[in-house]
Structures are given as structure tokens and as C-alpha cells.
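Got the viewer open and a selection tool ready? Here is a walk through the model, one stop at a time.

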Amino acid sequence: MAHSDILSQPDRGLGLDRPQTEALLALFSRCDDLREFGREVIQSVVNALMDSQAQEACGAPRGSRSPERVNSRNGYRERSLSTSLGDLELRVPKLREGTYFPEGILERYTRVEASMVALVREMYVAGVSTRKVGLVAEELGVSSLSSSEVSALCAGLDEEAEAFRTRPIEGEHPYVWLDATYMKCRTGGRYASVALVTAIGMSSSGHKEFLGCACFDSESEAAWSEFLGSLRDRGLRGVRLAVSDAHAGLVAAVSRVLPGCSWQRCLTHLQRDIRGHVHNLAGQALAADLVRACAGQADADVARAAWDLAAPRVRALSRAAGDVFEGAREDALAFMSFPREHWQKIRTNNVQERANREIKRRYRSVQSFPSEASMMRLVCAVLAGEEGRWAAHRVAAPESAARASAPAPAPEPLEGERLEAVRLAAHEVIREVLDRHGVAE
């Protein structure tokens, strides 16, 4: 449609007269795209609003004499404002007496508009580095948004992260998954690798919940005890099973701080530990398959009997692997004392591994953190997002989750025909594994 056709039509939206419409069309023709046009329009409107407010504060139009005048204008001060449309060059009116600030239009002590702050924070949490955020902002027309300014804008997340990390823990959490991951952080004037410990629990509703995180120099028993104690102080209760790797400090802290809580050794980590002591690929595959076969039984008695039969086979591959395998039986099969429908979720620490992968994915773009606060800021933002996704899925239905807190049923006596049936089933389990790997019985 030609400009003359547009001008011939009455404006029904903004109520503009012909000269105003002509001015807008002229402005549009000078702009390269709609973003630049929007920026120019908003800049003009904001400047006009500030002029109008300043005029009202003076009590009379600029340059006119009036008995109602209570103040007079004294020029402008230039101020830039970074927005999602680009930088706005604003002219804030000055008064001869007192000060004028456009409340409701601009926010004090900031040169970045709220939607731009939200955009920067969203990119930061999504794993975009501060340098790349600055480059994206430059593409949007924001000329001065350095890495340090991006970090300063994201510092507003600190209070939210602290509130999320220290919120009260409500209700019982029968299952808790614990783990640590290492990241570089500046502490004491130098960069060092620090342990980020995290806890995820299953609530009585069957949902996974983030329980807490903390930063320590190492995974010592004292560090884990302090962390678990802080969770208990915030309301953690009803824990019947803790799932983790076999870190000695963690295991000792669980028994010390959470009395009455069983410990499940992550089967995935156990397989890695055993494979690490076997020096040939065929032996590693056999050892891992023996762990899987024993732990994959539907009957706990058969699983334990098969484990005992598999122990000499693993020891034949490596004495150290055999020691690990034999010593891990009860802890590796602890999950079998809980409802069968939960076994797949509680026999490994995959819940934590997935959360850690998401943290590491964002960490790769950062490489190191300038402070512990900046590390917690990103970690809590990531975990808050993960928890939001967990809300759509349950580990177990509420009635099933309630069974996790119920006492375990008494084991069936292992004697007579029952004992013989268990032995035969265990032998069959081991024979099938050996046949798959071409190993003679």
C-alpha cells in the first residue's frame, strides 16, 4: 500500500492526525528494520513523557510566564538505557530547584531495562558464557554490555538461589540420592577444584525434589556430615535408603547422621570399580555382566545365592576385583528390601548423574567461577529448572511411595525345598552368564 493511501485513511488505533502519521512514516523510511523503528519510537515516546512530567512539576509550560509556576527547567542530562530493542538515548530533564527522576519510567541506579535483565539471566542460566551474552546483546543493538556487567546483572539471582537452597524441607523423603561433582572456583585468591555436593530426595507424593547443595574443599566425612546435618536441621526426616557411590567419607557420614537409614551402593559405580581392577576387556565385560545378572533377579534370596556363586569367578579375573565384589554384596542388594516397583530407580545413582550432567553442560561454557556465590547461582538455577521438569513426572504413585516407609516384610525361611530351589535358580543364573561369554563352568 502506498504512503498516500495510508495517509488518506483515518487512523483508528493511535488517534494520530495527518502530520503525526507523516512523521511516523518518515521515521520508518529512515530505519533499517522493525527493531530499529521500535527503538526510535520508544525513545521518542519516553523522552516526550519525561518532558511532560517535568512540565507538570514546574507548573507551567517551558518558556512561558505564569503565576502558577513553582519551578523552572535547567536543561537535560543524557542517559542510556539498554533494552531488548537496543540502546535508548534518553534526555532526562533537570530542574533549577530540587531534582526530577522519572519514577515508573526508569529504575534508579540501573542502565539496563528489566526485560533485558531477564533476557541476560535466562541466557546465563541456559549455559551461554558471559562473553557470548555480551556479543548477543551487541547483535540486539546494545553497545556496552561487558562480561563483568553481565555478571553484575546475574548477581540478582543470588538471593533467589539462596532461598531455593535453604528452603524448609517438608514431609518425609524415604529415598535420598547423594553425589558430588568437581568444578573450578576462585577461593582464597586462587583457582582450585572444589566439591559441589548435592542431595535429591523422593517425597511422599512420589516426586523427586532438590534438597540442597553445598561447596567443600573435599568429600571428607566431616564435609558430608556437615551437609547432611544441615539437611536434617531444615526438616529432612523419614530417610530409609541413601543411594550413592562408595566414597568412604559419604558412607560414614550417612551412618553417623542418618541412623536407621540403609545405604545402597550404586550398581553402575560398582561395575566401574570392579572393571577398574580387571586388565582385559573380556574379563571386564564378564564381571559387569555377573553384577547385572545377580542384581537383576526378582527374588532377593536367589540374587544373594547367585552373588556368592559369582564371587570365585570374579576373583579368578583379579584378586582386587574379587575383594570388591565380595565385600559389596549386602550394600549392592540393599534395594531389594524395598518395594519391587521402586527397584529400578533406587539401585543406581542415575538420578544424580543426570542432574550432574546438566550442571556440567552449563559449566563447560564457564570453565571456572570467580566466586563460590557465582557457582551456587548457576547450580541452583539449573536445579530449579530440573525440579520444575520433575514436577510433571513421579518416581512412584503416592500409594506406592507410602510403601517405601513401611517396614520390610519378614524374609521367608531359607530351608528345605525352598533352599534347594534357590540354589538351582542361582546356578542357572551364573551358567547363563558364563555361556554368553563362552566361559566353561
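Select Glu386 to begin. In this predicted model, is Glu386 buried or exposed? Glu386 is buried, because its relative accessible area is 11% and the cut-off for buried is under 20%. Now add Arg389, which is partly exposed at a relative accessible area of 46%. The side chains of Glu386 and Arg389 meet in a salt bridge, with 2.4 Å from N to O. Colour helix H17, residues 372–390, and you will see both partners in it: they are three residues apart, so about one helical turn separates them.

While you are looking at charged side chains, pick Arg304, Asp308, Arg329 and Glu330. Salt bridges with shared partners join these residues into one network. As for the background, side chains of opposite charge can pair when their charged atoms come close. How many salt bridges does the structure hold? The count is 20, and two others make good stops.

**Two bridges across the chain**

Select Glu172 and Arg237. Their salt bridge has its closest N and O atoms 3.6 Å apart. This pair links distant parts of the chain, 65 residues apart: Glu172 sits in the loop between helix H7 (157–165) and strand S3 (175–187), while Arg237 sits in the loop between helix H8 (221–233) and strand S6 (241–244). Show the surface and check both ends: Glu172 is partly exposed at 32% relative accessibility, and Arg237 is partly exposed too, with a relative accessible area of 45%.

Next, select Asp299 and Arg418, whose side chains meet in a salt bridge of 3.0 Å, N to O. Asp299 belongs to the loop between helix H11 (281–295) and helix H12 (300–317), and Arg418 to helix H19 (residues 416–436), so this pair ties together parts that are 119 residues apart in sequence. Asp299 counts as partly exposed, at 25% relative accessibility.

**Over to the rings**

Switch to aromatic side chains, where there are six aromatic pairs. Select Tyr175 and Trp177: their ring centres are 6.5 Å apart and the planes sit at 65 degrees, so this is an edge-to-face pair. Tyr175 is buried, with a relative accessible area of 0%, and Trp177 is likewise buried at 0%.

Keep Tyr175 selected and add Phe338. Here the ring centres are 5.7 Å apart and the planes are at 75 degrees, so the pair is again edge-to-face. Where do the two residues lie? Tyr175 is in strand S3, whereas Phe338 is in the loop between helix H14 (329–332) and helix H15 (343–346), so the pair ties together parts 163 residues apart in sequence. Phe338 is buried, its relative accessible area being 6%. With Tyr175, Trp177 and Phe338 all on screen, you have a cluster linked by ring pairs.

One more ring stop: select Tyr76 and Arg91. Arg91 lies over the face of Tyr76, 3.9 Å from the ring centre.

**Follow the strands**

Go back to S3 and colour S4 alongside it. The two strands pair in the antiparallel sense over 13 bridges. For a sample, select Asp179, whose bridge partner in S4 is Thr198. S3 and S4 form a hairpin with two residues between them, and Gly188 in the turn has a positive phi of about 60 degrees.

Now select the whole of S4, residues 190–202. Why is S4 largely enclosed by the rest of the structure? Ten of its 13 residues are buried, so the rest of the structure largely encloses the strand.

Carry on to strand S5, residues 208–216. Eight bridges join S4 to S5, and the two run antiparallel. Leu196 stands opposite Cys215 in S5. The hairpin of S4 and S5 has five residues between the strands, and Gly206 takes a positive phi near 95 degrees there. When you turn on side chains, remember that in a regular strand they alternate between the two faces of the sheet.

**Zoom out**

Finally, select the whole protein chain and colour by secondary structure: there are 19 helices and seven strands. Buried residues make up 44% of the 441 residues. The chain exposes about 22900 Å², and carbon and sulfur atoms supply 50% of that. Among contacts between residues at least 6 apart in sequence, 65% join residues at least 24 apart.

Key. Residues are numbered from 1 along each chain as its sequence is written. This is a predicted model: local features need pLDDT of at least 70, side-chain atom pairs count only at pLDDT 80 or more; totals for chains, interfaces and linings use all residues. Side-chain values use heavy atoms; hydrogens and water are left out. A salt bridge is a side-chain nitrogen of Lys or Arg within 4 Å of a carboxyl oxygen of Asp or Glu. Helices (H or I, at least four residues) and strands (E, at least two) are DSSP runs, numbered from the N terminus. Buried means under 20% relative accessible area, exposed over 50%, partly exposed in between (1.4 Å probe, protein chains only). Contact means heavy atoms within 4.5 Å. Accessible areas come from the Shrake-Rupley method with a 1.4 Å probe; for residues, only the protein chains shown count as cover. Rings of Phe, Tyr and Trp (its six-membered ring) pair if their centres lie within 6.5 Å; planes under 30 degrees apart count as stacked, over 60 as edge-to-face and the rest as tilted. A charge sits over a ring if NZ of Lys or CZ of Arg is within 6 Å of the ring centre and within 35 degrees of the ring normal. Two strands pair if DSSP finds at least two bridges between them.
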